[in-house]
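Work through the exercises below with the model open. Each task is followed by a stepwise solution.

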Amino acid sequence: MALLDVVLGYDCNLACTYCTITQEMRLRALPTERVAKEIDRAAQRGFREIAFTGGEPTIRPDLPALVKYAKKRGFVEVKVASNGLRYAHMPYLEMLANAGVNQFHMSMHAFDDDAYDATVQREGTAALRKQAIANLVARNLNPIADLILKEDTYRDVRAWVLGLAERGVRHFRLWLVSLTDGNAQNTQQLPRISHVSEAIKETLDVARTNRLDVRSLHIPRCFLAGYEDHVHHPGADLVTVVTPDDVFDLKNSRLSGGVKPLGCKGCKFFDVCPGLRADYIALHGDQEPRAVPLD
């Protein structure tokens, strides 16, 4: 199903240490009328799935109205990708659900509470995170936990997934940190994929045992042999992204890969794999990929 991904604006109520958004970018946002026009345009093209992202979309007062408008225009799947802090307030969560949101993605940022507060640079927010998760689970909204894999988080990913599963979360997406824009200089955050993939495999074993939905979004399949069914590249399907600056298809974004080194030649997944991101190759080189032989 084709997805319209609407970046409402770049501003946020947190200041995560790995955020790619610069202070200048935080000043830019889409006007409500422009969002409505993009919804109309996508509906006419047959799109039936929409995501409201940011920045932090829940700080927009017009979010519930935009969700209702998308539903009116025929969108079936309505996603909000958020840090989730406003979900700690049940009336607000209920308002979004009643408006038509049926996919609640929540960025978890870090494993334990101290690391969370330090990462988002806002003291006391770990308690809000806990309440938000509890509210989502109590309301049977099936939250999807977005886990960012960085040098200081990937080793905890198995325990992270299990801990959240104990609190009722069943769906997880694993994202590799990006070194772009505001985070370009924090090279110490981006680990080698060959290291991360071993932690992911252990996590996927746990997922299979406990019937959890865990998907890896930025690790090529050649690093996850035997676990290919858990790999999903965000740009593999038709995703049109609307930002305050531009409109583009995600498959053409620098965040979706785009570089296939010599090690990819002859791989059975060559046509469906986006390869490596340019920021990754700039830091770690292009020698890690190994082509998976044709059957």
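**Exercise 1. Find the residue that stands opposite leucine 174, and describe the strand pairing around it.**

Step 1. Leucine 174 faces serine 216 of strand 7. This is a predicted model, where local features need pLDDT of at least 70, side-chain atom pairs count only at pLDDT 80 or more, and totals for chains, interfaces and linings use all residues. Residues are numbered from 1 along each chain as its sequence is written, and side-chain values use heavy atoms, without hydrogens and water.

Step 2. Strand 6 (residues 171-176) and strand 7 are parallel, with four bridges between them. Pairing requires at least two DSSP bridges. Strands are DSSP runs (E, at least two residues), as are helices (H or I, at least four), both numbered from the N terminus.

**Exercise 2. Place these strands in the sheet and add the packing helices.**

Step 1. The sheet is open, has nine strands with mixed pairing, and follows the order 7-6-5-4-3-2-1-8-9.

Step 2. Strand 7 (213-216) and strand 9 (247-249) are the edges; each has a single partner strand, so one side of each lacks a neighbour in the sheet.

Step 3. From one strand to the next, the twist averages 20°. Axes are lines fitted to C-alpha atoms (for helices, over the stretch in contact), and angles between N-to-C directions run from 0 to 180 degrees.

Step 4. Helix 2 (residues 63-72) touches strand 2 (49-53) and strand 3 (77-82), at about 170° to strand 2. Contact means heavy atoms within 4.5 Å.

Step 5. Helix 6 (residues 157-166) lies across strand 5 (144-149), strand 6 and strand 7, at about 160° to strand 5.

**Exercise 3. Classify the aromatic pair in the structure.**

Step 1. The structure has one such pair. Rings of Phe, Tyr and Trp (its six-membered ring) pair with centres within 6.5 Å; planes under 30 degrees apart are stacked, over 60 edge-to-face, the rest tilted.

Step 2. The ring centres of tyrosine 87 and phenylalanine 104 are 5.4 Å apart and their planes stand at 80°, so the pair is edge-to-face.

Step 3. Tyrosine 87 sits in the loop between strand 3 and helix 3 (90-99), and phenylalanine 104 in strand 4 (residues 103-107), 17 residues apart.

**Exercise 4. Look for unusual backbone angles.**

Step 1. The peptide bond from glycine 54 to glycine 55 is cis, with omega near 20°. Glycine 55 belongs to the loop between strand 2 and helix 2.

Step 2. Asparagine 142 has a positive phi, near 50°, though it is not a glycine. Asparagine 142 lies between helix 5 (125-138) and strand 5, in the loop.
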